[in-house]
Amino acid sequence: MSEEQQIFLGLGSNMGDRYQNLKKGIHQLNDHPHIWVTDQSHVYQSPAMYQTDQDDFYNMVVEIDTNLIPIDLLTEIKKIEIKVGRIPERKKNIPRILDIDILAIGDLQIQSVSLEIPHHGIPERKFVLKPWSDIAPEFTLPDSSQTISDLLENSADISEVRMVLILDKEGMI
């Protein structure tokens, strides 16, 4: 797969069994007839950003392949979040069972009311950059000369992001 076609999603959870929520999200993505998870990062724990009076998040990044157009991918991702237990809310930065964001789709750039690609704020989010660097450290965002590794190294985010090692019956996700 060429870099222009690489698609990355960020997954996060800070309610209930965070690990199981991420695992269910990956299973739902893989069970979708038009979405295929091709790679995944380790799981990391980090404090909530913006609204800090909530539990820490578990975060990871996955690479997918899909034949869906971006807006349809967003629609299907929102359905998956609900299947896993997320209650749709209009409020931002509140605790979430599962949050899935489209981070980047190759060198595609979209600025609309419902979809922004690449996802805004990537350079300031170590909880996205650290897991992303596990699977695609050399990926470069559109209109940027810095790789994901460079962005992580130069991020102003000073929050602690720690790898989480969890073994279950099936092994790590």
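Colleague: What makes strand β5 (residues 99-105) largely enclosed by the rest of the structure?

Modeller: In this predicted model, 6 of the 7 residues of strand β5 are buried, so the strand is largely enclosed by the rest of the structure. Strand β5 also runs antiparallel to strand β1 (residues 7-13), and 6 bridges join the two. One of the bridge partners in β5 is I105, which is matched with I7.

Colleague: Why is D99 called buried?

Modeller: Buried means under 20% relative accessible area. D99 has a relative accessible area of 13%, so D99 is buried.

Colleague: How do you know that R86 and D99 form a salt bridge?

Modeller: The definition asks for a side-chain nitrogen of Lys or Arg within 4 Å of a carboxyl oxygen of Asp or Glu. For R86 and D99 the N to O distance is 2.8 Å, so the pair meets the definition. R86 lies in the loop between α2 and β5 and D99 in strand β5, so the salt bridge ties together parts that are 13 residues apart in sequence.

Colleague: Which residues are linked with R86 and D99 in a network of salt bridges?

Modeller: The network also includes K78, E81 and R96. Within it, E81 forms a salt bridge with R86, with the closest N and O atoms 3.4 Å apart.

Colleague: Why is K79 called partly exposed, and is E76 buried or exposed?

Modeller: Partly exposed lies between the cut-offs of 20% and 50%; K79 has a relative accessible area of 43%, so K79 belongs there. E76, at 18%, is under 20% and therefore buried. K79 forms a salt bridge with E76.

Definitions and conventions. Residues numbered from 1 in each chain as written. Predicted model: local features only at pLDDT ≥ 70, side-chain atom pairs only at ≥ 80, totals over all residues. Heavy atoms only, no water. Buried < 20%, exposed > 50% of the residue type's maximum accessible area, 1.4 Å probe, protein only. Helix = DSSP H or I, 4+ residues; strand = E, 2+ residues; numbered from the N terminus. Pairing = 2+ DSSP bridges.
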